[in-house]
Structure formats: C-alpha cells, structure tokens
Amino acid sequence: MERDEQALSYLQANLFSFPPSREPRLLNPLVLAYMGDAVYEVFIRQYVVSQTNHKPNHLHRLSTRYVSAKAQAKALQRWLPHLTDEETDIVKRGRNAKSGTTAKNADVLEYRHSTAFECLIGYLYYTQRWERLQQLLMLSLERDETPTTTGKGDA
C-alpha cells in the first residue's frame, strides 16, 4: 500500500503540468477520450513492465489484451455497477459522441463503449481524482473468469 501512496504522490506532484483549456466537464467527450487513451496506455505499459517477462513482443501482446476496444468495453461493463451518477453521465457522453472513425477489430458498440471508457479516464485525470482513477484502473486489470476463444490464440 505504501508503494501505491508513493505513486499517487508522485503523480500529483510531478507528472504533467498542462491543465486543459477549460473546465473538464465542458470539454468535448472525444477530447477527454483522447487524453484517457494516453493515460490508460501509460498505465498498462507500467503494469506490463512490472511483470517478470520483459521481452518486447511479450510486453506488446500482454498490453493489447487490455488496450483493445474489445477489452476496454469489457472493462467498462465491470465498472458500471461501481460508478457514481456523475461518472455514469460522463460515460454516456463518451458513448454517444460521434467520432467519425471506427476500430479495426471491434464492432460499433464495442468501439463506442471503449470511447466511453477512455472518456471517463480522461475526465478523472483532468479533475485530478487520483484515488478514484487508480481504483477503476486497477479494476480494469481483472480478467474475465471464463476464457474466450476467437480462433486467433488470444484467450
């Protein structure tokens, strides 16, 4: 637990120093998702580097288990019962945002849920709710107990 507290302290004091141009609640949900995507990518990279196998190909394969639209949509489903009304509102804004692009390996619904997931991360990041952000990010690391097979060896 002490390590987590040290990490939060570092994040609050030293990480990035450019606040958004307006209040986070007023930002376009796609802007929040843009930042949330970057925050989640760094979180996952830190997580995989904390594991024992540091071969680059392994790091990449492990990372993609978490950062794909499909994985993020599943993580959002795990989050939903734990969200506050405010967080649920941010998720809905992110889900309903029209991005004009689609994911290569996900259907439209997964892509929208992935955007909603990233939107909430961006919002929590910009509102500096570090403990809540860490709580949800850690929840996103939990894997489904039933393996899924897609025929591509990613189960």
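Residues are classed by relative accessible area as buried (under 20%), exposed (over 50%) or partly exposed (in between), using a 1.4 Å probe and protein chains only. The model is predicted, so local features need pLDDT of at least 70 and side-chain atom pairs count only at pLDDT 80 or more, while totals for chains, interfaces and linings use all residues. Residues are numbered from 1 along each chain as its sequence is written, and side-chain values use heavy atoms, with hydrogens and water left out.

Helices are DSSP runs (H or I, at least four residues) numbered from the N terminus. Helix 5 spans residues 85-96 and has 12 residues. From its first C-alpha to its last, helix 5 reaches 16 Å, close to the 16 Å expected at 1.5 Å a residue; the expected span is 1.5 Å times one less than the number of residues. E87, I90, V91 and G94 are the buried residues of helix 5. Viewed down the helix axis, these residues fall within an arc of 100°, so they line one face of helix 5; the arc is taken from the directions from the helix axis to the C-beta atoms. The buried residues pack against helix 2 (29-50), helix 4 (69-79), helix 6 (108-126) and helix 7 (130-140), with contact defined as heavy atoms within 4.5 Å.

Four salt bridges are found in a search of the whole structure, a salt bridge being a side-chain nitrogen of Lys or Arg within 4 Å of a carboxyl oxygen of Asp or Glu. Two of them involve helix 5 and are described here in turn. E87 pairs with R132, with the closest N and O atoms 2.8 Å apart. This pair links distant parts of the chain, with E87 in helix 5 and R132 in helix 7, 45 residues apart. E87 is buried at 3% relative accessibility, and R132 is also buried, at 17%. E86 forms a salt bridge with R129 (2.9 Å, N to O). E86 belongs to helix 5 and R129 to the loop between helix 6 and helix 7, so this pair ties together parts that are 43 residues apart in sequence. E86 is partly exposed at 29%, as is R129 at 31%.

In helix 2, E41 and R45 meet in a salt bridge (2.7 Å, N to O). The two residues are four apart in helix 2, which places them about one helical turn from each other. E41 is partly exposed at 23% relative accessibility, whereas R45 is exposed at 52%. Helix 2 also holds D37, which UniProt lists for "active site" in an unreviewed entry; such annotations may be inferred rather than shown by experiment. D37 is partly exposed, at 37% relative accessibility.
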